[in-house]
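Grab a pencil and take a look at the protein below. Try each exercise yourself before you read its solution.

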Amino acid sequence: MSGENVIAVSFAETSAAYEAFSNLKDLDGQGQVSLGGAAIIERDENGQLITKDEVEDPHLSGTSTGGMIGLVVGILGGPFGVLIGGATGLLIGSLFDMEDATDEGSVRAAISNTVSPGKTVVIAELSDQSDDVVDNAMARLGGRVLRRTVEEVEAEIAAADEAQTAAKREARTKLHAERRSELKEQIQQKVEALKERQQELHARQKQKLEELQAKL
């Protein structure tokens with residue numbers, strides 16, 4: 001699948017991931033690939049995503065990834081990524097359901113599945129003429145490359161953003177409706193309380209009047 005791709009490579013050893021990260025930058029320097037951005041990430045036992053290192057343009061050292069890789073890491077660190085990552089206790093309020101997690105055709109599910117607790121993963125955006133160059137370099141370090149086209153990844157990121165916006169809109173509408181319902185209930189309770197107080201006052205006044213009439 002040569003061309004513009006996003007790859008995810010999982011390693012059991014953190015040191016191997018750092019070496020792979022360095023190798024990708026070397027391959028870019030040699031002109032064998034064109035690296036648009038890369039990051040080393042891990043997921044802790046609580047499901048939180050940790051970025052260990054990142055680069056957007058390998059020709060500008062120290063730049064942080066704010067492009068495609070930044071968006072991918074953002075998705076992996078969100079509710080959907082936590083769901084796929086196997087974390088527990090963090091699923092309430094997720095914007096995605098279990099169908100997203102088990103969708104074999106989902107790019108997000110495929111990439112998220114590589115970022116499981118205890119693994120160190122290299123995520124990169126790159127262009128190459130042949131998959132073999134990167135695949136072989138990663139295989140020598142014990143990594144297996146998951147590759148998806150940039151076009152596929154962009155489409156799912158856009159869909160995820162649209163779903164999140166829709167979910168937030170629905171949540172706000174529901175919240176407003178609940179607040180209106182709660183406010184209406186509170187008003188009704190106050191009205192009922194006022195009615196009861198009025199009835200009690202009326203009863204006391206009636207009792208005093210009857211007592212006064214009895215004395216006459």
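Here come four short exercises, each with a worked solution.

This is a predicted model, where local features need pLDDT of at least 70, side-chain atom pairs count only at pLDDT 80 or more, and totals for chains, interfaces and linings use all residues. Numbering starts from 1 along each chain as its sequence is written, and side-chain values use heavy atoms, with hydrogens and water left out.

**Exercise 1. Count the helices and strands, and write down their order.**

Step 1: Use DSSP runs, numbered from the N terminus: helices are H or I with at least four residues, strands are E with at least two. You should get 7 helices and 5 strands.

Step 2: Walk along from the N terminus, and the elements read β-α-β-β-α-α-α-α-β-α-β-α.

**Exercise 2. Work out how the strands line up in the sheet.**

Step 1: Look for pairs; two strands pair if DSSP finds at least two bridges between them. E1 (residues 3-11) and E4 (residues 120-128) run antiparallel and are joined by 9 bridges, with Ser10 partnering Val121 in E4. Likewise, 6 bridges link E2 (residues 33-43) with E3 (residues 49-55), again antiparallel, and Ala39 has Glu54 in E3 as its bridge partner.

Step 2: Check the link between E2 and E3. They form a hairpin with 5 residues between them, and Gly47 in the turn has a positive phi of about 90°.

Step 3: Put the order together: the 5 strands make an open, antiparallel sheet, E3-E2-E4-E1-E5. E3 and E5 are at the edges with a single partner strand each, so one side of each has no neighbour in the sheet.

**Exercise 3. Which residues of helix H2 are buried, and where on the helix do they sit?**

Step 1: Go through residues 68-76, calling a residue buried under 20% relative accessible area, exposed over 50% and partly exposed in between (1.4 Å probe, protein chains only). Met68, Ile69, Val72, Val73 and Leu76 are buried.

Step 2: Look down the axis of H2. The buried residues fall within an arc of 130°, so they line one face of the helix; the arc is taken from the directions from the helix axis to the C-beta atoms.

Step 3: Recall the general rule. An α-helix has 3.6 residues a turn, so residues three or four places apart point the same way.

**Exercise 4. Is Arg147 buried or exposed?**

Step 1: Find Arg147 in strand E5 (residues 144-149).

Step 2: Check its relative accessible area, which is 7%, so Arg147 is buried.
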